[in-house]
Amino acid sequence: MQETGEPRSLLLFSCILSLVSCILFPMIAHLSGTLLKKTPNSVIIDNRGIGYEVTIPVSAYSSLPEPGASVGLHIHTHVREDALALFGFLKKEDKALFEKLIGVSGIGPKLAITALSGLTSEDLRSAIRNGAVEQLVRLHAPHWGNEALMDSLGGDRRSTRLNS
């Protein structure tokens, strides 16, 4: 029986990709460089000749410098088997809240970045803590008034865990 080599090469590629993922991806926690382009939803940052496209909350857009200036963002690297996406934040607190949100079942990075685009971190924490479902529904997140979100982000509504 003659082997085509294809299954072996796919296995090798898969092993290499897994190794690279474990080594490289968790390391992208901060990115700084020259701002090449900015739009309300994304930026491109040049770092040593490589342009990184980073999704940002709309609320960060106006605080960014003009293209050509130096910029630094706190990065969440989102890895799926079919994609690698970078999400950038001006403040560590925004990144931390984003990571808490995507830890809730049913909330992915797109919905979390939309939430941080529509409200400041403080307002979003307050809306969740106070059960302000109408504010959350306006963010296209109708299921955000549920107990799973409350448990994940702060226990009960009076909890201070959201403030850390």
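Leu-116 is found in helix α4, and that is a handy place to start a tour of this predicted model. The residue is tucked away: with a relative accessible area of 2%, Leu-116 falls under the 20% cut-off and so counts as buried. Leaving aside residues up to four places away in sequence, Leu-116 touches Pro-57, Ser-59, Phe-89, Asp-94, Leu-97, Phe-98, Ser-121 and Leu-124. One of these partners, Ser-59, sits 57 residues from Leu-116 in sequence, yet the two C-alpha atoms are 7.2 Å apart in space.

Leu-116 also turns up in the largest nonpolar core, a set of 15 residues. Together with Phe-89, Phe-98, Leu-101, Ile-107 and Leu-124, Leu-116 ranks among the residues with the most contacts inside that core. At least two core residues come from each of β5 (83-89), α3 (92-102), α4 (109-118) and α5. Helix α4 chips in the most, with five residues. There is a second core too, separate from this one, with 11 residues that include Leu-35, Ile-56, Val-71 and Ile-75.

Then there is the open space. The largest pocket holds about 180 Å³. Its lining is made up of 13 residues, and Ser-59, Ala-60, Lys-91, Asp-94 and Thr-120 are the closest to the pocket's centre. Two of those, Ser-59 and Asp-94, have already come up as contacts of Leu-116. Helices α2 (58-61) and α5 (121-129) each give at least two residues to the lining of the largest pocket. Sorted by class, that lining is a mix of six nonpolar, four polar and three charged residues.

Technical notes
Residues numbered from 1 in each chain as written. Predicted model: local features only at pLDDT ≥ 70, side-chain atom pairs only at ≥ 80, totals over all residues. Heavy atoms only, no water. 1 Å grid on protein atoms, 1.4 Å probe; cavity = no way out; pocket = protein on both sides within 12 Å on 5 of 7 lines; lining within 4 Å. Points joined across faces, edges and corners; volume = space filled by probe spheres on them. Helix = DSSP H or I, 4+ residues; strand = E, 2+ residues; numbered from the N terminus. Nonpolar A, V, L, I, M, F, W, Y, C, P; charged D, E, K, R; others polar. Core = buried A, V, L, I, M, F, W, Y, C linked by side-chain atoms within 4.5 Å. Buried < 20%, exposed > 50% of the residue type's maximum accessible area, 1.4 Å probe, protein only. Contact = heavy atoms within 4.5 Å.
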